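Visitor: Please take me through one part of this model closely, and then set that part beside the helix packing and the charged pairs elsewhere in the chain.

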Amino acid sequence: MNAATDPTPAMAAELTPDMDMVLITGMSGSGKSIALHALEDAGYYCVDNLPPELLLPFVALEKQHGARKVAIAMDVRSATSLPLVPLQLAQMREEGVAVQSVFLDASTDTLVRRFSETRRMHPLSRRDDLDQQRALVDAIDEERELLGELREHAHVIDTSMIRPSQLQGYVKALISSPATQLTLVFESFAFKRGVPVDADYVFDVRMLPNPHYEPELRRLTGKDAAVVSYLQGHPEVDDMFRHIEQFIGHWLQALARDHRSYVTVAIGCTGGQHRSVYLVEQLAQAFGPHWVTLKRHRELDAAP
């Protein structure tokens with residue numbers, strides 16, 4: 001049986017959780033407030049900057065009150081007690097809470113620009129530093145180190161190049177998928193705008209025939225029938241699809257057994273408009289009937 005279409009036994013039976021809890025963490029300036037607002041719109045009771053020491057008592061209290069959906073944001077301001085969180089999340093899962101952990105990340109250059117534009121102080125910066133630019137970069141590096149373990153146990157969303165409305169859409173799509181199953185995310189992107197920092201696997205498809213050089217196809221995307229027909233007419237495009245499908249399908253079982261909640265597969269071409277979009281659409285269609293699957297098109301989603 002094809003590994004891409006062979007779901008894990010855990011996917012066959014899903015227990016109804018007592019509560020849905022979303023934990024939002026990530027880099028300062030990465031968009032945690034925006035994500036929290038999206039969850040509030042989706043009906044979650046949201047708490048910002050909850051100290052980790054209060055996480056278990058707070059969730060227990062909300063369960064007593066009959067709360068079904070809770071979202072909590074934590075950041076580096078609670079650095080000394082953040083190491084408690086992974087074990088707390090494991091304990092909540094054992095107690096019937098469906099936990100989804102989301103980590104928002106962004107490139108250092110993006111974070112520096114955002115702090116410079118807003119003139120906010122980074123939580124780890126000191127006002128007496130003479131070189132504020134260097135101090136900000138050092139603070140961001142320190143924050144990455146402090147949050148490293150939380151990032152390892154979360155689904156990562158790279159907010160470097162997406163608009164607030166995109167981030168809200170990504171978060172809402174994510175929480176709609178079952179927390180107890182592995183979620184497979186396919187994402188198209190343009191290499192000229194950088195590789196997404198949230199990718200677990202990256203495939204470069206720039207060597208494939210490019211519809212951009214066909215005048216009648218240039219303004220279309222990999223979702224349009226004419227582009228689909230063009231790419232399907234080249235055997236090397238199908239070869240690339242099969243190779244990626246076989247690789248991901250082969251390792252999904254092992255990833256699920258390793259208790260991975262999310263796997264992000266990024267497909268990149270030059271402009272993120274034709275080839276990568278087409279392959280993401282095809283891969284999502286192939287895996288979707290048997291795995292929880294999401295798709296994103298970083299460049300197309302960012303277009304006005």
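Guide: This is a predicted model, and a good place to begin is glutamate 62, which is found in helix H2, a stretch that covers residues 55-64. Glutamate 62 is buried and yet has no salt bridge, for the nearest side chain of opposite charge, that of arginine 68, is 12 Å away. A salt bridge would need a side-chain nitrogen of Lys or Arg within 4 Å of a carboxyl oxygen. When the neighbours within four places in sequence are left aside, the residues in contact with glutamate 62 are Met19, Tyr45, Ala67 and Val70.

The helix that carries glutamate 62 also packs against helix H3 (residues 85-94), the two axes coming within 10 Å and crossing at roughly 25°. Because that angle is under 35 degrees, H2 counts as roughly parallel to H3. Leu55, Leu56 and Val59 on the H2 side, with Gln88, Leu89, Gln91 and Met92 on the H3 side, make this contact, and the crossing of H2 and H3 is right-handed.

Another helix pair can be set beside this one. Helix H1 (residues 32-41) packs with helix H7 (residues 164-175) at an angle of about 50°, their axes being 9 Å apart, and that makes H1 oblique to H7. H1 passes H7 in a right-handed crossing, where Ile34, Ala35, His37, Ala38, Leu39 and Asp41 of H1 meet Pro164, Leu167, Gln168, Val171, Lys172 and Ile175 of H7.

As for charged pairs, glutamate 62 has no salt bridge, whereas the structure as a whole holds twelve salt bridges. One of them joins the side chains of arginine 77 and aspartate 75 at 2.5 Å, N to O; arginine 77 counts as exposed at 52% relative accessibility, while aspartate 75 is buried at 6%. Glutamate 117 and arginine 113 also meet in a salt bridge, at 3.5 Å, N to O, and they are separated by about one helical turn because they are four residues apart in helix H4 (residues 108-118). Lysine 295 and glutamate 281 form another such pair, at 2.7 Å, N to O. Since lysine 295 lies in strand E9 (residues 292-297) and glutamate 281 in helix H10 (residues 275-287), the pair ties together parts that are 14 residues apart in sequence. Of these partners, lysine 295 is partly exposed, with a relative accessible area of 45%, and glutamate 281 is buried, with 15%. Finally, Asp105, Arg144 and Arg151 are joined into one network by salt bridges that share partners.

How values were computed
Residues numbered from 1 in each chain as written. Predicted model: local features only at pLDDT ≥ 70, side-chain atom pairs only at ≥ 80, totals over all residues. Heavy atoms only, no water. Helix = DSSP H or I, 4+ residues; strand = E, 2+ residues; numbered from the N terminus. Buried < 20%, exposed > 50% of the residue type's maximum accessible area, 1.4 Å probe, protein only. Lys, Arg positive; Asp, Glu negative; His and termini not counted. Contact = heavy atoms within 4.5 Å. Axes fitted to C-alpha atoms, helices over the stretch in contact; angles between N-to-C directions. Parallel < 35°, antiparallel > 145°, perpendicular 65-115°, else oblique. Left-handed = near helix turned anticlockwise from the far one by under 90°.
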